[in-house]
Amino acid sequence: MWTRIVQNLLPAPRCHLCQAPATAVAALCPACARDLPWLGAACTHCGLPLASAEEGTLCGTCLADPPPFDQALMPFRYAPPIDRLIGALKFRHDLAAGTLLGQLLANAVAGRTVDCLFPVPLHPARLRERGFNQAAELCRVVAGAHDTPWDSHSLQRIRTAPTQHTSSRRERLRNLRGAFAWQGSTPPARVALIDDVMTTGATARAAAVALKRAGAEWVEIWAVARTPPPHSRNV
Ligand SMILES: [Zn+2]
Ligand SMILES: [Zn+2]
């Protein structure tokens, strides 16, 4: 009885985007959830949006130069309102936006099985400047939803990439080589790297290489959104 009384006193969950009554799952109303920029046709390996794709379709980049990670899963294109929510998390530390994005990502990877999650780390100097790592905020929510351990210490970023918004994928890859280091015991066999946005995939490639060198056998990338390269804000 007390539970029911307390439930009646609590405000009904409201949609994060339009304030209409929300479903409990992801703090969105059904209409807003339907209108999200779902990724649609994409490369099976790296998630690059494609005009059309069937299961097993690979983009030109994956055909020519297969990435070191084993699969990338991203539910959304980097488009409104997902881009705005990611900006709110990243630049204003809006934790409600982080929780919503984390829940949406957790829903998108339901059924995937990995042994440990790793947020893509920020360089310590960048972390001090920003005060938090947005990938770690997402990772915490996904790990909680999937009851999977996560580790934000063993994979370290030891070099920052210069912020060249217009640099090519090849340049980004060169800049990021050796940007990550492993400082822990051997990781479990199956792991996932968590990030907010994947653009050129250079960051994901470099971090996946570090995890595989450390001993991981299967590395998935779980990110909220995928932008079509090369016009990148993030990597
Ligand atoms: Zn809504
Ligand atoms: Zn691809």
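A residue counts as buried when its relative accessible area is under 20%, and as partly exposed between that value and 50%. Keep that cut-off in mind as we walk through this predicted model. Cys-59 makes an easy start: its relative accessibility is 3%, so this cysteine is buried.

Now let's turn to the metal site. The zinc ion (ligand 1) is held by four sulfur donors, the SG atoms of Cys-15, Cys-18, Cys-29 and Cys-32, at 2.3 to 2.4 Å. Along the sequence, these donor residues follow the spacing C-x2-C-x10-C-x2-C. Cys-18 and Cys-32 connect distant parts of the chain: Cys-18 sits in the loop between helix H1 (2–9) and helix H2 (30–34), while Cys-32 belongs to helix H2, 14 residues apart. The angles among the four donor atoms run from 103 to 117 degrees, and the site is tetrahedral. For comparison, the ideal angle for four tetrahedral donors is 109.5 degrees.

How buried or exposed are these ligating cysteines? Cys-15 has 0% relative accessibility and is therefore buried. Cys-32, at 17%, falls under the 20% cut-off, so it is buried too. Cys-18 reaches 39%, which means it counts as partly exposed.

With several cysteines in view, you may wonder how many disulfides there are. A search of the whole structure finds zero.

Finally, have a look at strand S3 (residues 116–119), which is covered on both faces. Cys-116 and Phe-118 are buried on one side, and Leu-117 and Pro-119 are buried on the other. S3 runs parallel to strand S6 (residues 190–198), and four bridges join the two. Among the residues involved, Pro-119 has Ile-194 in S6 as its bridge partner.

Technical notes. Residues are numbered from 1 along each chain as its sequence is written. Chains are lettered from A and ligands numbered from 1 in the order in which they are written. This is a predicted model: local features need pLDDT of at least 70, side-chain atom pairs count only at pLDDT 80 or more; totals for chains, interfaces and linings use all residues. Side-chain values use heavy atoms; hydrogens and water are left out. Donors are N, O and S atoms within 2.8 Å of the metal (3.2 Å for Na, K and Ca); water is not among the atoms, so sites may look incomplete. Four donors count as tetrahedral if all angles lie between 85 and 135 degrees; four count as square planar and six as octahedral if opposite donors are over 155 degrees apart and all others between 65 and 115; anything else is irregular. Buried means under 20% relative accessible area, exposed over 50%, partly exposed in between (1.4 Å probe, protein chains only). Two strands pair if DSSP finds at least two bridges between them. A disulfide is a pair of cysteine sulfur atoms within 2.5 Å.
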